[in-house]
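Here are some short exercises on reading domains and contacts out of a model. Grab your viewer and work through them one at a time.

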Amino acid sequence: MLAEASVNLLQSYQSGLSSYDEVLDLNGRIKPYWKALFSTMEKLGIDELQNRNKEIVNKLRENGVTYNVYGTPDGLNRPWQLDPIPFLIEQKEWNGIAKGLQQRAVLLDLILKDLYGPRNLIKDGIIPAELVFDNAGFFRPCTDIKLSSDKQLTLFAADMARGPDGQMWLVDNRTQAPSGSGYTLENRIVMSKLLPELADGMYVSKLSPYFNSLQNTVLKLSDKSKEAPNIVYMTPGPNNEAYFEHAYLASYLGYTLAQGDDLLVRNGSVWLKSIEGLQKVDVIIRRIDDDWCDPLELREDSRLGVPGLLQAIRMGNVQVLNAPGSSVLENHAFHAFMGNICTYFLGEKLIMPSVATWWCGHVKELNYVLSHMDELIIKKANRKTKFRSIYGRLLSASEKDELKRMISQKPHEFIAQQEISLSTTPSLIDGNIVPRYAALRAFLVANGNEYHVMQGGLTRSSPVKDRFVISNQYGGLSKDTWIVSDKTGEVPEKIVYTAPASVNKHISLPSQSAENLFWIGRYCERTMAVIKFMNITINVLNLDRNFGGSAKQEHIKILLQSLTHLSATYPGFLEEEERMSDPYKEIIDLVSNTNRPGSIASSISSFLNAVSAVRNQWNMETWRIVDLIDNGFQEIRNAGHMNSNNIQKTLDGLFNNMFTFLGIIAESMPRDNSFLLLETGKLIERILSRISVIQSNFGVKNSSGVENELIEATLINHHLLVSYRQIYKSHLSVEAMLDMILLEKTLPFSLVYMLDELKSNLGRLPSTTRGERLNDAQKYVLQASTLIKLADIPALSKSNGKSDRSELFELLSEVSRLISSVSVNLTNMYFSHTIMHHSFFEPVDYNKDEI
Amino acid sequence: MKYKLIHKTEYRYAEPVSNYHSLLCLTPRTLPDQLCTEFRIEVTPEPSQIFERTDFYGNKTHYFSLHSPHKKLTVLTTGMVERQSEMTGSLFIPSVVTCREARNRMLNERSLKIAFLEYILPSPFVKWDQEIMDFAQECFLDDKPLYECVQHLCRKIYTEFKFVSDFTTIHTPIKDVLAARKGVCQDFSHLAIACIRSFGFAARYVSGYLETLPPPGKQKMQGSDASHAWISVYIPDYGWCDFDPTNNVVPGERHIVTAWGRDYNDVPPLKGIIFSYGKHTLSVEVDVIPL
């Protein structure tokens with residue numbers, strides 16, 4: 001029954017095939033591994049496969065696996081798309097492919113060295129001079145840029161597709177900052193967690209040897225004399241499409257994630273601006289393109305790079321991989337000459353062919369292209385020319401003439417490629433297993449004299465039928481790629497380490513990340529403080545609406561005004577009486593208006609931005625909560641759905657999630673500088689917000705009826721009403737309350753407790769002062785804490801003739817001023833490196849890291 | 001001729017600059033007809049090190065960085081340069097290679113193509129279109145010697161364009177210069193190069209200095225007492241020949257060469273990246289003193 005069903009599933013898939021497919025071999029027989037996979041899927045059942053698919057999608061979203069798409073209005077984080085059906089290649093076949101890839105990498109490395117060296121390829125007539133001098137990837141300042149290793153091309157990614165003859169064809173080279181290996185790894189991790197049984201009866205090769213090999217290579221490149229070399233993974237920043245991958249790989253590999261602004265060249269070396277001061281950098285793995293690396297010698301308008309970087313590389317003080325200049329190899333025209341280059345350098349034939357390519361700079365090829373346009377795709381030889389590939393067969397006669405005219409005018413700028421034909425592969429689309437076109441990206445890393453090929457890769461399949469759309473920017477699907485065999489006992493590849501395996505014991509905290517962490521603490525607490533107090537106020541309002549008279553009572557007015565003070569959303573409830581009569585309108589605006597500084601929506605938005613800017617700091621649990629907070633954020637932005645009845649439910653949910661966020665931080669975050677800065681930001685905000693409420697509630701003495709309401713609200717705001725009642729029962733007095741919220745050392749929301757915590761945190765952060773001396777921030781906190789401890793509570797509770805509690809008000813103002821100074825001081829001490837460099841131009845285009 | 005060369009550049013910043021990276025391309029080249037016997041760079045405030053490098057074109061560049069806050073930066077270079085009377089340029093036997101022949105050879109002789117292709121192709125600051133070709137059309141006749149044609153072009157630019165200092169910046173497109181018929185030496189050089197390349201010949205940008213003759217009796221030369229720029233054109237069988245479209249002269253003893261490249265972008269005399277929010281002002285003083 002089962003076997004029959006399996007045959008049926010396979011049969012129904014087979015019957016839908018309209019071109020050659022991965023499942024079938026050249027003789028039309030089903031490949032054994034695919035048979036096994038189909039049988040496993042059958043056992044699982046399509047419905048279950050669908051369910052798992054949903055889990056996978058959720059998991060990826062929870063893990064924050066995204067691919068940012070530029071140009072969308074809200075800077076959309078597009079969730080990564082993963083198809084649960086993997087792409088299978090048999091180990092034996094893969095070994096052949098790997099050989100082809102290794103040969104290709106060796107060749108590209110030789111080309112790279114030749115083009116930035118003697119240029120014999122041109123002198124000996126193997127390639128036309130245009131491939132160097134009309135190549136936008138050839139950077140003249142890079143002619144003396146050399147890595148200390150033999151291989152200059154360290155990382156290489158190749159896009160492949162299967163041709164009708166069953167052979168893999170090389171379609172594209174990625175040589176400057178290859179992307180995708182992080183997504184590949186995450187795909188594998190999620191698949192093995194959520195669909196482990198799919199691999200039943202197969203042995204799937206591991207990906208980790210590739211990453212070990214990479215770490216090994218990086219280690220060999222770094223300063224041998226240093227025990228713990230400083231390795232930086234350089235990203236263009238959170239706005240880049242593949243920022244998830246940058247952060248993911250940095251933490252997986254154990255390198256410091258940094259942006260150009262985090263780095264500085266000084267005395268010919270590269271330094272990381274960390275909160276412990278400047279730290280010398282040994283190796284940089286860059287994810288920014290060549291031309292953006294150094295505004296001094298390359299693109300002048302680049303704010304992503306590091307001025308002076310090229311000089312530092314020349315002097316051998318830092319190793320950057322891939323070496324700037326490697327994009328010279330990404331010119332499409334090289335495909336037309338690879339066969340000759342291979343013979344020239346290696347005296348052998350290409351193992352894996354490139355897709356057939358014609359460079360139009362030669363008359364014969366030009367004529368061929370002009371007369372065979374229907375079979376060809378026309379491209380510019382140089383990438384990034386804003387010229388999109390043109391399918392000859394899709395053109396009208398007049399469009400074709402226009403294109404021919406364009407090509408004939410500057411033939412050397414154009415290439416033509418045989419329209420790539422791809423195999424289809426089983427994909428799960430809307431609950432059905434259907435054939436879709438797919439292409440595969442493979443990853444290689446130099447290791448000594450050889451290239452290590454990842455045993456797997458990133459397969460992208462087209463979401464639409466009979467068309468090939470794989471770019472992630474246009475919504476492609478990805479697949480885990482399995483290199484399969486039935487021998488589980490296969491000897492794992494041995495990685496020979498040249499140094500102890502622990503690579504980067506010391507991961508520095510770049511100043512920019514430090515600043516983000518500090519503000520995460522502040523925004524989180526700021527949001528929570530406003531929500532908390534808003535909830536208290538709404539409760540009082542509801543009580544009044546249901547059980548009180550129609551006239552607004554004095555205490556409600558004071559609470560609403562305190563809310564305005566607390567959120568600094570002036571004039572708010574301070575000016576217009578109208579707002580008082582229908583407070584919900586203002587309250588809802590205060591919740592949902594993203595454009596209003598101080599609103600809950602605006603604080604959460606800043607919080608989420610800061611969180612994603614340091615995403616390498618978070619574990620999975622944290623991401624899950626951040627995702628929930630993000631959902632809550634989307635909810636509250638929708639003001640139309642909010643009213644006096646449901647607003648509290650939404651706010652409660654949000655508050656609880658943020659509390660959970662802090663809880664996970666408290667329970668699981670390593671007690672390092674990252675943690676201390678986040679905590680410090682949180683404490684500063686908590687102190688300031690609590691002081692604000694006390695000041696506005698009790699700065700002026702009111703009748704005891706009003707004050708009793710305010711005391712209760714304030715105690716709830718400090719999470720203290722229960723403790724208070726245990727001691728004082730139902731007797732409410734300002735004096736007893738102040739004694740508790742200012743001085744009670746055991747209560748986490750008392751001022752004295754928070755100030756002492758802050759003091760201790762500051763003491764543990766790296767100090768810029770000598771020995772035991774206090775820095776300014778520490779002095780301010782000590783002063784504030786002492787002022788509170790010396791406070792004379794009965795005197796503070798009293799009012800002067802005009803019923804102002806001026807002594808209380810002034811004391812709290814002073815403490816508030818001191819704590820604000822702490823924040824300014826920390827900024828100067830730890831984050832001031834984050835000053836941007838000045839450029840005389842507006843950025844023209846953004847560095848893209850498209851997969 | 002022997003010259004003492006003084007080139008002083010001063011930046012003043014409204015806000016203190018705490019980080020500065022700079023690349024200088026100011027050292028006179030040593031050539032068969034030019035000798036640089038002495039060269040010194042003084043930077044105030046003083047950087048901890050100045051790194052020398054020879055670039056892709058054989059020009060000498062110097063890199064330095066500053067890391068303490070400063071509101072004023074001075075780069076002073078001084079040098080002694082000996083210029084011999086021209087060996088290229090004013091030809092005793094004028095080159096007779098015609099435009100047609102020159103173009104064919106540049107296209108078809110591999111060694112020529114490999115050596116000069118980058119000076120024939122468009123470069124960052126030198127691009128052209130039909131309008132620019134139309135402008136130069138009358139100068140480049142297939143049967144005429146290339147050398148004469150370039151002279152014709154330089155004369156045309158000299159007579160039809162006005163030297164106006166503040167009209168253009170280095171980023172003004174050639175087309176705007178062509179439309180306004182005014183500019184400075186960089187603009188005229190870029191325009192001339194665009195014209196020459198558009199007809200398939202190799203031309204490069206030369207950066208340097210020009211000695212100005214004193215006014216009495218003689219007409220003062222434009223572009224005096226400042227950095228100067230002119231062009232060099234490759235004439236097959238003869239070599240690189242310099243032309244000065246700004247002054248319509250064949251560069252000779254009074255032109256001192258510091259660097260060449262495809263265009264200005266390859267050889268800016270001084271460029272820098274600063275870390276600051278504020279504005280800055282710049283003053284440049286150049287003296288070319290005959291000894």
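**Exercise 1: domains of chain A**

Task: list the domains assigned to chain A, then look at how domain 3 of chain A meets domain 4 of chain A.

Solution. Keep in mind that this is a predicted model.
- Step 1: the assignment splits chain A into domain 1 (85–181 + 203–332 + 422–485), domain 2 (359–418), domain 3 (509–669) and domain 4 (698–833).
- Step 2: taken over C-alpha atoms, the centres of domain 3 and domain 4 of chain A are 22 Å apart.
- Step 3: domain 3 of chain A puts 12 residues into the contact, and domain 4 of chain A puts in 11 residues.
- Step 4: on the domain 3 side, α14 (511–547) and α15 (554–567) of chain A each supply at least two residues. The largest share, eight residues, is from α14(A).
- Step 5: sort that domain 3 side by class and you get seven nonpolar, two polar and three charged residues.

**Exercise 2: where the chains meet**

Task: work out how many residues chain A and chain B each bring to their contact, and which elements of chain A take part.

Solution.
- Step 1: the count is 23 residues from chain A and 20 residues from chain B.
- Step 2: α5 (120–123), α6 (130–133) and β9 (263–266) of chain A each give two or more residues to the side that touches chain B. β9(A) has the largest share, with three residues.
- Step 3: by class, this side of chain A holds nine nonpolar, eight polar and six charged residues.

**Exercise 3: a helix in chain B**

Task: check the length of α6 (residues 185–198) of chain B against the expected span, and decide whether α6(B) is enclosed or open.

Solution.
- Step 1: the helix has 14 residues, so at 1.5 Å a residue it should span 20 Å.
- Step 2: the end C-alpha atoms are 20 Å apart, which agrees.
- Step 3: 14 of the 14 residues of α6(B) are buried, so the helix is largely enclosed by the rest of the structure.
- Step 4: α6(B) is followed by G200(B), which has a positive phi, near 90°.

**Exercise 4: domains of chain B**

Task: describe how the two domains assigned to chain B touch.

Solution.
- Step 1: domain 1 of chain B is 2–83 + 268–290, and domain 2 of chain B is 99–264.
- Step 2: their centres, over C-alpha atoms, are separated by 25 Å.
- Step 3: 20 residues of domain 1 of chain B contact 15 residues of domain 2 of chain B.
- Step 4: β14(B) gives the largest share of the domain 1 side, five residues.

Technical notes:
Residues are numbered from 1 along each chain as its sequence is written. Chains are lettered from A and ligands numbered from 1 in the order in which they are written. This is a predicted model: local features need pLDDT of at least 70, side-chain atom pairs count only at pLDDT 80 or more; totals for chains, interfaces and linings use all residues. Domain bounds come from an automatic or database domain assignment. Two residues are in contact if their C-beta atoms, placed from the backbone, lie within 7 Å. Helices (H or I, at least four residues) and strands (E, at least two) are DSSP runs, numbered from the N terminus. Ala, Val, Leu, Ile, Met, Phe, Trp, Tyr, Cys and Pro count as nonpolar, Asp, Glu, Lys and Arg as charged, and the others, Gly among them, as polar. The expected span of a helix is 1.5 Å times one less than its number of residues. A residue is buried if 20 or more other C-beta atoms lie within 10 Å of its own, exposed if 12 or fewer, and partly exposed in between; C-beta atoms are placed from the backbone.
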